[in-house]
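User: Could you walk me through this one? I'd like to go question by question.

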Protein chains: 2
Amino acid sequence: MNIYFSCSITGGRDDQAVYYEIVRFLQGEGHEIPTAHLASSDLDKLENNLEPEEVFERDISWVRACDVLIAEVSTPSHGVGYEIAEAVNKGKPALCLYRSGVKISKIISGNTEKGVFVRSYRDLKQMRGLMIEFLSRLQ
Amino acid sequence: MNIYFSCSITGGRDDQAVYYEIVRFLQGEGHEIPTAHLASSDLDKLENNLEPEEVFERDISWVRACDVLIAEVSTPSHGVGYEIAEAVNKGKPALCLYRSGVKISKIISGNTEKGVFVRSYRDLKQMRGLMIEFLSRLQ
């Protein structure tokens, strides 16, 4: 499947190691992740040369072209929130993952839109299990 | 006009005093602000009794019913990003304001959707001017 992975960039990179694990796992399962580079610890080097308009147009066209969206929502981010709404509006299923104990926006935790799943994880193993469960329902 | 004011809640309340000024100014100009209470310093007391699903359903129906959306985007927030996208998808004009010098998401700063305006302000006076300019174009 073509999976749009959405994670915080400007909002903070404290969870970068988790982003990397998500992308590595999904690619290992044979999925295509257009945003795989966003999980890199060298992201600044990769994206700094791009104009904001280029990033917006590229990311939004990727959201519109994906089969599903998976977002890590432990760190607040305007971009991630925007992309989840864009996916919902285009009828794409969306899985929002966050670390147990982190307080997240009620617009995410209380989201009642069809196809939106919000789940917390205690560790990487549980997180991988949640992604497998989400994706297996769609196939 | 019915103006949906969108601001960070769970993402952080460092800019609460600015939110309060925005709401006070817009109400003083005669506009209706369904989210006026979100600018309060007592927000926790007001919202803590509500289930996340109630907050989501209420806020999204307000976004869909508004004439325009004004967001303060200096503090990263999933909810604010989601609401901006929802407004854009429903064809509502959106003004995104942030303090000069703050780094914001490229999904906001590079947003090329029709009706989206992103502006920075140095002080409250300039911020009020940006809101007047935005609203006068629509009337």
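What follows is a short chat about the interface, the sheets and a few picked residues.

User: Before we dig in, what kind of model is this?

Analyst: Keep in mind where the coordinates come from: local features here need pLDDT of at least 70, and side-chain atom pairs count only at pLDDT 80 or more. That's because the model is predicted.

User: How much area do chain B and chain A bury between them?

Analyst: The contact draws on 38 residues from chain B and 38 residues from chain A. Of the area buried, 60% sits on carbon and sulfur atoms. The total for chain B and chain A is about 3,300 Å².

User: Which residues of chain B lose the most area to chain A?

Analyst: Three residues of chain B stand out here, together giving 25% of what that side buries. They are His78(B), Tyr82(B) and Ile107(B).

User: Which helix of chain B gives the most to the side that touches chain A?

Analyst: Helix 3 (52–65), helix 4 (78–89) and helix 5 (106–109) of chain B each put at least two residues into the side that touches chain A. By class, that side of chain B has 14 nonpolar, 13 polar and eleven charged residues. The top contributor, with eleven residues, is helix 4 of chain B.

User: And polar stuff: which residue of chain A meets Arg64(B) in a salt bridge?

Analyst: Between chain B and chain A there are twelve residue pairs in polar contact, both residues at pLDDT 80 or more. Two salt bridges cross the interface of chain B and chain A. In one of them, at 3.0 Å from N to O, the side chain of Arg64(B) meets that of Glu113(A).

User: On to the sheet in chain B. Which strands are at its edges?

Analyst: That sheet is open, with four strands paired in parallel in the order 1-2-3-4. Neighbouring strands are turned by 20 degrees against each other on average, ignoring direction. Two strands of chain B pair on one side only: strand 1 (3–6) and strand 4 (116–121).

User: Which residue is the bridge partner of Phe5(B)?

Analyst: Strand 1 and strand 2 (residues 68–72) of chain B run parallel and are joined by four bridges. The partner of Phe5(B) is in strand 2 of chain B, and it is Ile70(B).

User: At about what angle does helix 4 of chain B run to strand 2 of chain B?

Analyst: Helix 4 of chain B lies across strand 1, strand 2, strand 3 (94–99) and strand 4 of chain B. Against strand 2 of chain B, the helix runs at about 155 degrees.

User: Now chain A: why is one side of strand 1 and of strand 4 left without a neighbour in the sheet?

Analyst: Chain A has an open sheet of four strands in the order 1-2-3-4, with parallel pairing. Strand 1 (3–6) and strand 4 (116–121) of chain A stand at the edges, so one side of each has no neighbour in the sheet; each has a single partner strand.

User: Which residue of strand 4 of chain A stands opposite Tyr98(A)?

Analyst: Strand 3 (residues 94–99) and strand 4 of chain A run parallel, joined by six bridges. Opposite Tyr98(A), in strand 4, is Ser120(A).

User: What does Phe117(A) touch, leaving aside neighbours within four places in sequence?

Analyst: Phe117(A) is part of strand 4 of chain A. Its C-alpha atom is separated by 9.6 Å from that of Ile70(A), 47 residues apart along the chain. The contacts of Phe117(A) are Ala94(A), Leu95(A), Cys96(A), Phe134(A) and Arg137(A).

User: Last one: how many residues apart in sequence are the parts tied together by Arg99(A) and Asp15(A)?

Analyst: Arg99(A) and Asp15(A) form a salt bridge, with their closest N and O atoms 2.3 Å apart. Arg99(A) lies in strand 3 of chain A and Asp15(A) in the loop between strand 1 and helix 1 (16–28), so the pair ties together parts whose separation in sequence is 84 residues.

Note on methods
Residues are numbered from 1 along each chain as its sequence is written. Chains are lettered from A and ligands numbered from 1 in the order in which they are written. Side-chain values use heavy atoms; hydrogens and water are left out. Contact means heavy atoms within 4.5 Å. Buried area is the accessible area (1.4 Å probe) that two parts lose on being put together, summed over both. A salt bridge is a side-chain nitrogen of Lys or Arg within 4 Å of a carboxyl oxygen of Asp or Glu. A polar contact is a pair of N or O atoms within 3.5 Å; within protein, one must be able to donate a hydrogen and the other to accept it, and residues adjacent in sequence count only if both atoms are side-chain atoms. Ala, Val, Leu, Ile, Met, Phe, Trp, Tyr, Cys and Pro count as nonpolar, Asp, Glu, Lys and Arg as charged, and the others, Gly among them, as polar. Two strands pair if DSSP finds at least two bridges between them. Axes are lines fitted to C-alpha atoms, for helices over the stretch in contact, and angles run from 0 to 180 degrees between N-to-C directions.
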